There are 2 protein chains.
Amino acid sequence: MQTPWEHRYAQRTQRMKSSAIRELLKLAEQPGIISFGGGMPAPDVFPVEQFKEACIKVLNNNSAGALQYGSTEGYLPLREMIARHTSRYGITVNADNILITSGSQQALDLLGKVFINRGDRILVESPTYLGALQAWNAYGAEYVSVSFDDNGMVPESLEHALRFGPKFIYALPNFQNPTGITMSLERRTRLVELADRYGVPIIEDDPYGQLRYEGETLPAVEVIDSQFRGEQGCYSGNVIYLSTFSKILAPGIRLAWVIAPSEVIRKLVQAKQGADLNTSTFNQMVAYEVGHGGFLDEHAKLIRKVYRERRDVMLDSLSEHMPEGVRWTTPQGGLFLWVTLPEHLNSSEVLQEAVKEKVAFVPGHSFFPNGGGENTMRLNFSFSNPEMINEGIGRLGRVIKKVMQG
Amino acid sequence: MQTPWEHRYAQRTQRMKSSAIRELLKLAEQPGIISFGGGMPAPDVFPVEQFKEACIKVLNNNSAGALQYGSTEGYLPLREMIARHTSRYGITVNADNILITSGSQQALDLLGKVFINRGDRILVESPTYLGALQAWNAYGAEYVSVSFDDNGMVPESLEHALRFGPKFIYALPNFQNPTGITMSLERRTRLVELADRYGVPIIEDDPYGQLRYEGETLPAVEVIDSQFRGEQGCYSGNVIYLSTFSKILAPGIRLAWVIAPSEVIRKLVQAKQGADLNTSTFNQMVAYEVGHGGFLDEHAKLIRKVYRERRDVMLDSLSEHMPEGVRWTTPQGGLFLWVTLPEHLNSSEVLQEAVKEKVAFVPGHSFFPNGGGENTMRLNFSFSNPEMINEGIGRLGRVIKKVMQG
């Protein structure tokens, strides 16, 4: 049916595409399919009993507040809890530096709305998080991409890209989505130095920071930047930091946060007023009830134990089932690893075959802002249990061998 | 502290202002103040016990789904429930025509993202809902405003405005925010005819449709448009219709919906993927549990009873306390009425005095897209109980008398 709306779409919609990942979430709902697509936490680690208790407590004690409109900035006790949490990682912020968002995706959208003029260049890792590209495409962003190796952004490529005058740098230093790669301490320091030399600020996206399965915790770029400026643990404001409750509590409550200079928070609040007024007050109060008093730290231990095992099973299974010429990363944390096929193979074609064998993943190409990566794929190891991982990687190995033999 | 972010704001932020209403919500949190600002439902009518039961049921039966990421379109049973609800009002839609949004404010934001190019003209009532202006200012909308009387948009003014080639018409036919005025059946029909003659589609915003306290329910513009096209109760697609659970369940769960042609829904879904991935799965399941099986209709009866009384108390109290020369609307439903002071008075100045006397409202000026209305004010009658309404209107009457005496 032709309606009067189709020819009225705004110009920006030409750059909006349905996300390959979202389409895969639908695919993954088919019975019998083992999906390494998506970025879903394991339902096994959702703290269901704690949620039940918290819902009842909030509705018994403060239903008039929980079910009402709330402040756009977010529920104050939750923001204060996040401020305390942040200060333990070496930087002092207060509630004025924190905005609660409806998931990290909204933080990316609001940052785009507040900072990106059509044609602005954003410096991103290549590959980078697809959701950021999706959010910023709508505001007309262009991308300057920096090559990426096993230690993160390559400094020479970073410095070259900085000469294009990007509006800001977008970096995912811990267990990057999609590659699982962690930026080394040396590279973090170099990033801070180069950003300072070229006068370009940084957005640091850290959804998985607490999900480290081996090796030493590295300081956030935000912390290194603060030390670099000699600010002795006070928030310098040069780095906007994002994190989320999606991976340490549950994504279904859609709660994340932005740490930024209070002036930027005020601007983001104005943008959020127009975007959704406020994030669910009920969910914020429930998250506070579940999370305060040390539960988050305890719960993160459980998640790390479960996901470490799944990562190990996937790594072992890849060694067992992948043919010669296929390489993959060994992530120290997070939810993903990254597979590189021989150069002549196309992972989108592999996916078509894989779906027939009831296994799915995300072709890596989508994560490259300026093209490339046709022979790469992202695998999620958090969602499926060890048996499914073994079975799924076995299927995937057979599919790849078949495609390689042409 | 100067940070590198302030001089990097996008051009569009110049048109973002903090909403007068949101600032008032903060003001209203001060102890002792009686606020007729905001558009808040009465906490007295939140179905708290039903929410408790629903939370437990959802977490017992489907925690793995409720706490996980979900589809961007929204929870299918909830969309089907809305489709059934809609068909009772004379129009047949299915789940493909429905998108769940994080409150109606997000629906307005996504519609702006999908349809508004910088400089596009949007035809709006004057005054109109402030949240729509806030959402669309960020996309560079300009406004063609139509004058408004006690029966809604004035046809001559509407036809004049249509000649400016607006992208769409934005109308709130039932108990309009801010005036409380209802568009008559004759005017609704005229709107559909004129919109058709000039080939301009309509966005119908109907948050309060079920909150009618007297008079006969009028068909939605969407229904009239469908009949006009001879489509016998099938959705014609010319009207995009918005409604929300905020007023019939609770705003704290942030759930609303858009009814649109399925092709437009697909485009809105792409925009929503970039904006917040999906609306809280948990909240959608809880709303479904609370709302299905006829509870919403029963509950709406209670809300109407409570709000009708409050409206009547406010009307009586205005008659008793307002000085000569002050006029107000008599809304047949909704949450608001609209007060017009003598022309030489400025309601923003009245507000300054009113706050000293611990009573608040929203100056009407903010609701006019192209200026005007300095002597008007919006009063909310749903939030405060009858005693507070009497006391607050008494205070306001004294303040206005004092200001009138100069």
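**Exercise 1. Decide whether B:R395 is buried or exposed, and place it in its chain.**

Solution. Start with accessibility. B:R395 has a relative accessible area of 16%. Buried means under 20%, so B:R395 is buried. This is a value from a predicted model. Next, find the element. B:R395 sits in helix α13 of chain B, which spans residues 386–404. Last, list the partners. Setting aside neighbours within four places in sequence, B:R395 touches B:G32, B:I34, B:E357, B:K358 and B:V359.

**Exercise 2. Describe the contact between chain A and chain B.**

Solution. Begin with the residues. Chain A gives 93 residues and chain B gives 93 residues. Then take the area. The two chains bury about 7600 Å² between them. Carbon and sulfur atoms carry 58% of that area. Now count the links. There are two salt bridges between chain A and chain B. One of them joins A:K113 and B:D109, with the closest N and O atoms 2.6 Å apart. The chains also share 46 residue pairs in polar contact, both residues being at pLDDT 80 or more.

Now turn to the side of chain A that touches chain B. Elements giving two or more residues to it include α1 (20–27), α4 (104–115) and β8 (239–244) of chain A. The largest share, 10 residues, comes from α2(A). By type, the residues on this side are 44 nonpolar, 32 polar and 17 charged.

**Exercise 3. Locate the annotated domain of chain A and give its make-up.**

Solution. Read the record. An unreviewed UniProt entry annotates residues 47–396 of chain A as "domain: Aminotransferase class I/classII large". Then look at the model. The end C-alpha atoms of this span lie 32 Å apart. The span is 44% helix and 15% strand.

**Exercise 4. Find the backbone oddities at B:P127, B:P178, A:F175 and B:R254.**

Solution. Recall the usual case. Most residues other than glycine have a negative phi, and most peptide bonds are trans.

Check the prolines. The bond from B:S126 to B:P127 is cis, with omega near 10°. B:P127 lies in the loop between β3 and α5 of chain B. The bond from B:N177 to B:P178 is also cis, with omega near 20°. B:P178 lies in the loop between β6 and α7 of chain B.

Check phi. A:F175 is not a glycine, yet its phi is positive, about 50°. A:F175 is in the loop between β6 and α7 of chain A. At 1% relative accessibility, A:F175 is buried. B:R254 is not a glycine either, and has a positive phi of about 50°. B:R254 is in the loop between β8 and β9 of chain B. At 4% relative accessibility, B:R254 is buried.

Key
Residues are numbered from 1 along each chain as its sequence is written. Chains are lettered from A and ligands numbered from 1 in the order in which they are written. This is a predicted model: local features need pLDDT of at least 70, side-chain atom pairs count only at pLDDT 80 or more; totals for chains, interfaces and linings use all residues. Side-chain values use heavy atoms; hydrogens and water are left out. Contact means heavy atoms within 4.5 Å. Buried area is the accessible area (1.4 Å probe) that two parts lose on being put together, summed over both. A salt bridge is a side-chain nitrogen of Lys or Arg within 4 Å of a carboxyl oxygen of Asp or Glu. A polar contact is a pair of N or O atoms within 3.5 Å; within protein, one must be able to donate a hydrogen and the other to accept it, and residues adjacent in sequence count only if both atoms are side-chain atoms. Helices (H or I, at least four residues) and strands (E, at least two) are DSSP runs, numbered from the N terminus. Ala, Val, Leu, Ile, Met, Phe, Trp, Tyr, Cys and Pro count as nonpolar, Asp, Glu, Lys and Arg as charged, and the others, Gly among them, as polar. UniProt positions are given in the numbering used here, feature names are shortened, and annotations may be inferred rather than shown by experiment. Buried means under 20% relative accessible area, exposed over 50%, partly exposed in between (1.4 Å probe, protein chains only).
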